[in-house]
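Visitor: I would like to know how the labels used for a structure are justified. Please take me through some of them.

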Protein chains: 2
Amino acid sequence: MDPGSSSGSGSTSGAGAGTGSGDAASPAQGSAHGSSSQLNTQGAAISTREDSQETSDILLPNQEENIAQIAVDIGGSLAKVVWFTKSPETVGGRLNFCKFETVRIDDCIEFIASLLRDNPLAGRVIKDKIRTRLGVQIQKEDEMECLINGLNFLVRQIDYEVFTYDERRPETMQFDNQRTSELFPYLLVNIGSGVSIIKVTSDETYERISGTSLGGGTLWGLLSLLTDAKDYDEMLEISKMGDNKNVDMLVGDIYGGDYPKIGLKGTTIASSFGKVFKTPAAERKSKFKQEDIAVSLLYLVSNNIGQIAYLNAQAHGIRRIYFSGFFIRGHPITMNTLSYAISFWSKGKIKALFLRHEGYLGAMGAFLRTTPARARLASFTENFSQTQKISGSSIGAVGTLEEDASDYCVFPLLRDPETYSADTSDLSDPVLQSYWIDLLDVNLEHLVNIALKWQQGDARGGISVRERAKTFENMYREHLKVLRKEPNAYGALTVRGLLNLREQCLREMGFMDVFRGVKQDENNAAMQGLEILLAKLDAMPISDRLDAMLENMLAGNMYDWGSTAVQEMLKRGELDFRTAKAKVGRPAKFNHFPQLKAKLLGGHVYKKAVIFVDNSGADIIFGILPFARFLLSTGTTVVLAANTHPAVNDITATELREILVQAGSKDAAIASHVSSGRLVVVGTGSGSPCLDLTRASRDLATHAADADLVVIEGMGRAIHTNYAAKFVVDAVKVAVFKNPQVAAELGADMYDGMCLFAPA
Amino acid sequence: MDPGSSSGSGSTSGAGAGTGSGDAASPAQGSAHGSSSQLNTQGAAISTREDSQETSDILLPNQEENIAQIAVDIGGSLAKVVWFTKSPETVGGRLNFCKFETVRIDDCIEFIASLLRDNPLAGRVIKDKIRTRLGVQIQKEDEMECLINGLNFLVRQIDYEVFTYDERRPETMQFDNQRTSELFPYLLVNIGSGVSIIKVTSDETYERISGTSLGGGTLWGLLSLLTDAKDYDEMLEISKMGDNKNVDMLVGDIYGGDYPKIGLKGTTIASSFGKVFKTPAAERKSKFKQEDIAVSLLYLVSNNIGQIAYLNAQAHGIRRIYFSGFFIRGHPITMNTLSYAISFWSKGKIKALFLRHEGYLGAMGAFLRTTPARARLASFTENFSQTQKISGSSIGAVGTLEEDASDYCVFPLLRDPETYSADTSDLSDPVLQSYWIDLLDVNLEHLVNIALKWQQGDARGGISVRERAKTFENMYREHLKVLRKEPNAYGALTVRGLLNLREQCLREMGFMDVFRGVKQDENNAAMQGLEILLAKLDAMPISDRLDAMLENMLAGNMYDWGSTAVQEMLKRGELDFRTAKAKVGRPAKFNHFPQLKAKLLGGHVYKKAVIFVDNSGADIIFGILPFARFLLSTGTTVVLAANTHPAVNDITATELREILVQAGSKDAAIASHVSSGRLVVVGTGSGSPCLDLTRASRDLATHAADADLVVIEGMGRAIHTNYAAKFVVDAVKVAVFKNPQVAAELGADMYDGMCLFAPA
């Protein structure tokens, strides 16, 4: 299925999830399914967070999980808890995050106790107090090692974990997603109550080279004494209204302007709080506003940390500086000041790097200690269906991390994995952002209808399909609302990210495969025509046969329930295979098929082809199967790479294996190729309509290692993503443009067929 | 004259100068001598200083000077004024220092106006306000260049300007007096309201490489808001009573002890003010004591500056870090924290360097801009008779700087000027400190009596000798009191320093030459015996003659009004030349004369000898003259190096020239040598009973450059100082031990004669 295509666009504002879903959640919390304690602990976690979650009271039917491990990082100011839950139904699990003020350590312990109440625990937690209260086995881990392991894990595994910040740019957050590039050496500046500066040179080697006692504790301590604010967020809120120049002495206050001889601007702070002492003693305590004091102190602490970090980076010749710790907490002024300080002192050569999971590095690292292999395995994917905001804004929000059985790795045939970026469209343009968010909003209602139509009677945890569908709709619309306001809230906004988030929300509400019925119907219908189609093709001269097979692939790829434009045609019964063929345009500039054809007709035999498949029904059965069968006939081994997990009407690896059995019953050649092992199906590891080739399953990587041809089919995999991807072997990309935005961007018309061929 | 010898010791506590001299001052201020405005302005200066001067109301008859130049350094918090005064009677002048809070700039301007009232001004001051009010020519100077020029000047020219600080040592201040060693490169960390960090690589080249807005303004600003203290000194006073661990979170508070793996002690501050936020919000504002807050903030700012300074030094490979600016103001906790930070971060490899004139670098540098040659000429000597304390303690007190016509330089025959130190005794032992302070205290009364006896009727500025003598006595005794309490208050305590200070106080009270009459009587008496003595010597065989000449030098050196022990004999009429000869012991270990004699008898002819002479009377006429005449007879040119300015009964160059005229009238050989220019007198540039060979007059250096023999005579020049000095030519040191302490220290008995001979 190709996602998100549409011939038009519209904007529908989603209903507030805070109210709508709260109502929906009420009966669920009263119901007595097997995991009520988890639901309760989830509730406890939410109530103790300083940052309220707008989606916090949404019904969570997919949370029927047991707690496998708890890791705690107790700092001077905050205690951070990471807990890992496993579902009895699936292989992997998910990592959850929350934090408490350390002064409220009892709340934290009570929370952990509530997590443990009905669960076996293999957790590692710190401090005697916890041991006494909880009676569990405790293992104290080295703080610095935990921080580093946590960072290495997150930077390597989590999409858009790292970003830079600059308030002068329209998109203040710039994500640094080159996860495959060299990580070491780097400087980790962990800002908790105090600051540690750690030089990390490999997974095993690090040194705490510096630090400063001027950290979060200093800011919050002084602000406690100087303002009426009671907690962090009040302080940060106050600081937004302040103007430091009412408190600080600027270079211009002393010199009357710039001091160019030594390179100081008039607006540079010469002396923090320098205007206070210049004021007559009697007026000092009444004259200065707390908001001005707050922002001055925030600048003071942030600037100072930035300067000391830069000086250490300079002394050690390091160019990557990560800032972490709850001092930052996604607060724009803080990040901007740290960024400015690093940029100022390095004369623009170094940028401050931030992490979305900044506050959880220590707890994350502690979690990884029990299963160190996890730190190197790439088996986690971030699920944003339940987000946790880091500050009042959604900047740097984090989701739970979901582990599955895969160990992801870079697809071995990818050329230049260092510079590879899956996504084609740059959605930094606000117009494009609105367009895609609106498109998915418009699509939402139809998706809910399909869910209702096909999954009637499938109540989960005693909650009806109707209830779950309504909650899903509200949940996803709420996310779209957040993204409308802050497009980079969950990492860089991409078409892929929007589609993945929709899948995550569906699964969260227990809709593991909404299109299951649609796919079965489509597969059954197409399977009935397979024999005739193969006979027709076999009767053609080879050149015509190749042309016909490409036409079928393109026509099959029209059957796309993810595309709004195609959806309308399907619903109106306007699309049969013949119509589809007629509708697909064939502009020369997107048609490299003649080159591929010439190569094949010239007698070139590929040893092994990997074909990334797309939709169920006509697409796979009329489009892909005949082409695969042709390649097999020339001597090529064929690997069909299909989604491991369901996404829209995309065929899954499991479903595709069943199709091959059925096809084999109708065609001896296919049956023979399957039984000889020359036609195989592998799961890509993905559950997305798009394709990120840095996260291929190990199984796929193994099968693909000796291939000499890559075929990628469908708009999601070959246009929205991988349009620019290059391979070390011959590559074919086949798809139909079914979205007007991306068509316009790439110079195509709607329904143009594309067959790109790039020799190795 | 040999200073400070005594056969016993006693302690007399001086009367409080604050009261005693205040009475004496009253009539002077009412009198109408030519410089009343200066006296008034002096008064104004004192009243506006934050640090009161205990000696501030002492009568100052030597202050009849005109203001030649004013330099002002206006910082964010303080305005520093340096003004140069010239006496109509002398060639040089003196540099005076004072400071104002910048918020009271009007007081500062009024003070400058009062300085100008009756004076022509060639000053350079800053800011339009001053120009408007004062109507004087103003030239704005570059702040950084002024700071650097000021520092270079002070470090090169002023004794014991530079010190390190460590409160764990019994003597917290360790002076770094290697003024001749390489100055560049260094880091100047100037801490005013903000902090500038300047890398200085030569007199002309520098770069502001860093800085921080966390400076004095930050400390004082925050303390203004958080404590009841109204000014700097109250804040520093409060901080002395505080304990930062009540406010700061220590490493031990988090980890329960040390964190050895990353090298952090349990007592290290992990988070400044980190305990505040951990306290329940309602208690925060009442729980923390202002003294604890004050010391925590002081640590915070000082530690941070130290750390940033070290990181910059490290990045630029610099090992000398000077701290300057009024933030330090001789405050022990501040200096200790900066020192600790530098030592901590550099792992003990670098020490923080402080300057006694720390706050005046900018004003000093501005002063030097009108006469840049001064910055390189070494013509200033520090006069401690009027001290200005930098903080409540006397640590780092500064005197005025006196300029004379000399351009001092290193004596060219000195070997290893890099490691040369004039002073022999290490007075870091408190017992020795007490001994010498007591000895000079006991001597004081006799000195006053001599002044009264010989200078009757010599009223200056309408003030009688009696009044002036009393004020001198109180003034010097007050200084001794300060030094008893803080021996290093005026730089490292040395015998030389104590003697120089006495001379400075005498001159300050108009006693330019107390022993003038004594010296004339002694010279006249000895001159009458010269003809007979020379005839006797000429009749002797050469070997006996040489022995006799040494005996006469040693006996003559007994006539020493500076020695308490000898003084008593002289007063009782017990010392004639014969008695003196008999009294001098001749232990072999101090008698290298045989070697010198053998060299001379062996026919060695010195080309030129420089003889540093000592006392008037028998010493110069019976001791030195015959020996010089002998050397001249062998073909040696003789340079007699005598004090330029009077000190006790030491012969001055002027007096010595008169003696040569008289001696020439009695002895044709002497007359011939003088007229042929082979016997010359040069002023050493000094007015001290001791001798600092790094500060020889340019005239002496010129005459000495081609000499091949150096003779140093007297306890002050050859024992208290230069006992260990080495020369690149043959050197003879002749003296008598007339002080039991130094005799014991060097293994001699009282009245042992010394004649050391060191071949080149």
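Guide: This is a predicted model. In chain A, the axes of helix H5 (residues 143–157) and helix H13 (residues 361–370) come within 6 Å and cross at roughly 90°.

Visitor: Why is H5(A) called roughly perpendicular to H13(A)?

Guide: Angles of 65 to 115 degrees count as roughly perpendicular. The axes cross at roughly 90°, so H5(A) is roughly perpendicular to H13(A). Residues making the contact include Cys146(A) and Leu147(A) of H5(A), and Met364(A) and Ala366(A) of H13(A). By class, the residues of this contact are 10 nonpolar, four polar and two charged.

Visitor: What makes the buried residues of H24(B) lie on the same side?

Guide: Helix H24 (residues 653–666) of chain B has 14 residues and reaches 20 Å from first C-alpha to last, close to the 20 Å expected. Its buried residues are Ala653(B), Glu655(B), Leu656(B), Ile659(B), Leu660(B) and Ala663(B). They cover an arc of only 145° around the axis, and therefore sit on the same side of H24(B). Val661(B) and Ser665(B), on the other side, are exposed.

Visitor: What do the buried residues of H24(B) pack against?

Guide: Among their partners in chain B are helix H18 (516–539), helix H23 (618–634) and strand S16 (637–642).

Visitor: How many residues of chain B are in contact with chain A?

Guide: 49 residues of chain B are in contact with 49 residues of chain A. Helix H11 (290–316) of chain B is one of the elements that give two or more residues to this side. H11(B) gives the largest share, nine residues. The side of chain B that touches chain A has 21 nonpolar, 20 polar and eight charged residues.

Definitions and conventions. Residues numbered from 1 in each chain as written. Chains lettered and ligands numbered in written order. Predicted model: local features only at pLDDT ≥ 70, side-chain atom pairs only at ≥ 80, totals over all residues. Axes fitted to C-alpha atoms, helices over the stretch in contact; angles between N-to-C directions. Helix = DSSP H or I, 4+ residues; strand = E, 2+ residues; numbered from the N terminus. Parallel < 35°, antiparallel > 145°, perpendicular 65-115°, else oblique. Contact = placed C-beta atoms within 7 Å. Nonpolar A, V, L, I, M, F, W, Y, C, P; charged D, E, K, R; others polar. Expected span 1.5 Å × (residues − 1). Buried ≥ 20, exposed ≤ 12 C-beta atoms within 10 Å, placed from the backbone. Arc of directions from axis to C-beta.
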